[in-house]
Amino acid sequence: MTPMAKISFEKVPHKSPTPADKRTALMADPGFGRVFSDHMVTVQWTQGVGWHDAKVRAREPFQMDPAAAVLHYAQEIFEGMKAYRKPGGGFGLFRPDENARRFNESAKRMAMPDVPEEMFLEAIDQLVKVDADWVPSGEGSYYLRPFMFASEAFLGVRPANEYIFCVIGCPVGAYFKGGFKTVQVWVSEEYTRAAPGGTGAAKCGGNYASSLVATKEAFDNGCDQVVFLDAVERKWIDELGGMNIFFVMDDRSIITPPLNTILPGITRESVMKLASDAGYKVAETPYSFDQWQADARSGKLREAFACGTAAVIAGIGKVKYRGGEFAIGNSGDGEATTKLRAQLTGIQRGTVDDTYGWMRSVAA
């Protein structure tokens, strides 16, 4: 992290916040990523000056020069995390320090300035506090999207000299329509997500843009998500379009693809810890699509699930591909999937003891 003096956030009053009755109506069925809260946090970075002009202000469109570097060379990164209402009051954030760390790993890969962890966390806290009324109760949560983009007006191919760091937020329900349920996935045998030496481990917009054609293919085949194979041999399971993947075997072992070209998911790492402590033998090891089919058909593979910030843990019930399809277990959530999800969401919502120290508290 770059050493710097503690930055002060200026609070700019919102001239016309959403009326309470309209906010209540919007939050009744927010879906995911469609309804946004009133404020945003912005901080600017300039070469030779560093981070400056930190503000908590009304959420509004950016005024951007048509030559802004992000529009031409996609120098942009982001994170995703959630805030939850705590049973005793206040709010809880799940491992935001890990989001700050990963954000800077992405920044390094994309030749962007790092964001001091203290500033990153303070920006998150500030938005949760100012938009506290937008944090749902019950099964909902408040999704936070910190991001950074190159704002300099310049068409030369080099790292930009100006950036904007911003945090926006939105109340959300379940990521998949219908709440927690098993999903169907489509294995893409034509498109790949990332190659060794590429940006697969960075959380940058370009990775997701390149995945959309395969995601559309999945939707067209009646599936909820796409699964990518590796870009070299086209045989090893990589990850989903926006989530990591796990396989639960009949001997209580759990495997997940190793890191390198895939995103080091914070939920992924948390699931590995929870599963290991629950007595499962957890391994990061390559797993081929052929083996996946064989193990599912023989019964050796009992469960498979995807995980990520947005969906938390979603069981995979059916797998489709150009040559056919196959079911996993009984096509429903298995024991490991159900228990791990209950424990993880319990920690996040404050109904299960946080013995790992994963939650960051924010006062109401």
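Select helix H8 first: its buried residues (buried being under 20% relative accessible area, exposed over 50%, and partly exposed in between, with a 1.4 Å probe and protein chains only) are Ala336, Thr337, Leu340, Arg341, Leu344, Thr345, Gly346, Ile347, Gln348 and Arg349. The model is predicted, so local features require pLDDT of at least 70 and side-chain atom pairs count only at pLDDT 80 or more, while totals for chains, interfaces and linings use all residues. Residues are numbered from 1 along each chain as its sequence is written, and side-chain values use heavy atoms, with hydrogens and water left out.

**Helix H8**

Helices (H or I, at least four residues) and strands (E, at least two) are DSSP runs, numbered from the N terminus. The expected span of a helix is 1.5 Å times one less than its number of residues. For H8, residues 335-349, the 15 residues should span 21 Å, and the end C-alpha atoms are indeed 21 Å apart. Step just past the helix to Gly350, which takes a positive phi of about 80 degrees.

**Helix H3 and its surroundings**

Next, select residues 96-109, helix H3. Its 14 residues should span 20 Å at 1.5 Å a residue, in agreement with the 20 Å between its end C-alpha atoms. Pro96, Asn99, Ala100, Arg102, Phe103, Asn104, Ser106 and Ala107 are the buried residues of H3. After the helix comes Ala111, with a positive phi near 55 degrees.

Before H3, select Arg95, in the loop between strand S6 (91-94) and H3. Arg95 is buried, at a relative accessible area of 10%, and has a positive phi of about 50 degrees although it is not a glycine. Most residues other than glycine have a negative phi. Val312, in strand S16 (residues 312-321), also merits selection: it is not a glycine, yet its phi is positive, about 65 degrees. At 6% relative accessibility, Val312 counts as buried.

**Salt bridges**

A salt bridge here is a side-chain nitrogen of Lys or Arg within 4 Å of a carboxyl oxygen of Asp or Glu. The structure holds 17 of them.

Within H3, display Glu98 and Arg101, whose side chains meet in a salt bridge at 3.0 Å, N to O. The two residues are 3 apart in the helix, about one turn. Arg101 counts as partly exposed, at 36% relative accessibility.

Then display Glu79 and Arg102, a salt bridge with its closest N and O atoms 2.7 Å apart. Glu79 lies in the loop between S4 and S5 and Arg102 in helix H3, so this pair ties together parts that are 23 residues apart in sequence. Both Glu79 and Arg102 are buried.

Move to Arg23 and Asp133, where the closest N and O atoms of the salt bridge are 3.8 Å apart. Arg23 belongs to helix H1 (residues 20-28) and Asp133 to the loop between helix H4 (117-130) and S7, so the pair ties together parts that are 110 residues apart in sequence. Arg23 is buried, with a relative accessible area of 15%.

**The cavity and the pocket**

On a 1 Å grid over the protein atoms alone, a cavity is a set of points where a 1.4 Å probe fits but cannot get out; a pocket is an open set with protein on both sides within 12 Å along at least five of seven lines, and lining residues have an atom within 4 Å of a point. Grid points are joined across faces, edges and corners, and a volume is the space filled by probe spheres set on the points.

The count is 1 cavity of 30 Å³ or more. The largest cavity has a volume of about 80 Å³. To outline the largest cavity, select Gly80, Met81, Lys82, Tyr84, Phe94, Asn99, Ile266, Thr267, Thr309 and Gln348. Strand S5 (81-85) and H6 are the elements giving two or more residues to this lining, and S5 gives the most, with 3 residues.

The largest pocket holds about 620 Å³ of space. Among its 33 lining residues, select Phe78, Tyr143, Arg145, Lys203 and Tyr208, the closest to its centre. H6 gives the most to the lining of the largest pocket, with 3 residues.

**Two loops**

Select Val157, in the loop between strand S7 (141-150) and strand S8 (162-172). Val157 is exposed, with a relative accessible area of 72%.

Finish at Glu190, in the loop between strand S9 (183-188) and H5. Glu190 is partly exposed, at 45% relative accessibility. Its C-alpha atom is separated by 9.0 Å from that of Phe228, 38 residues apart along the chain.
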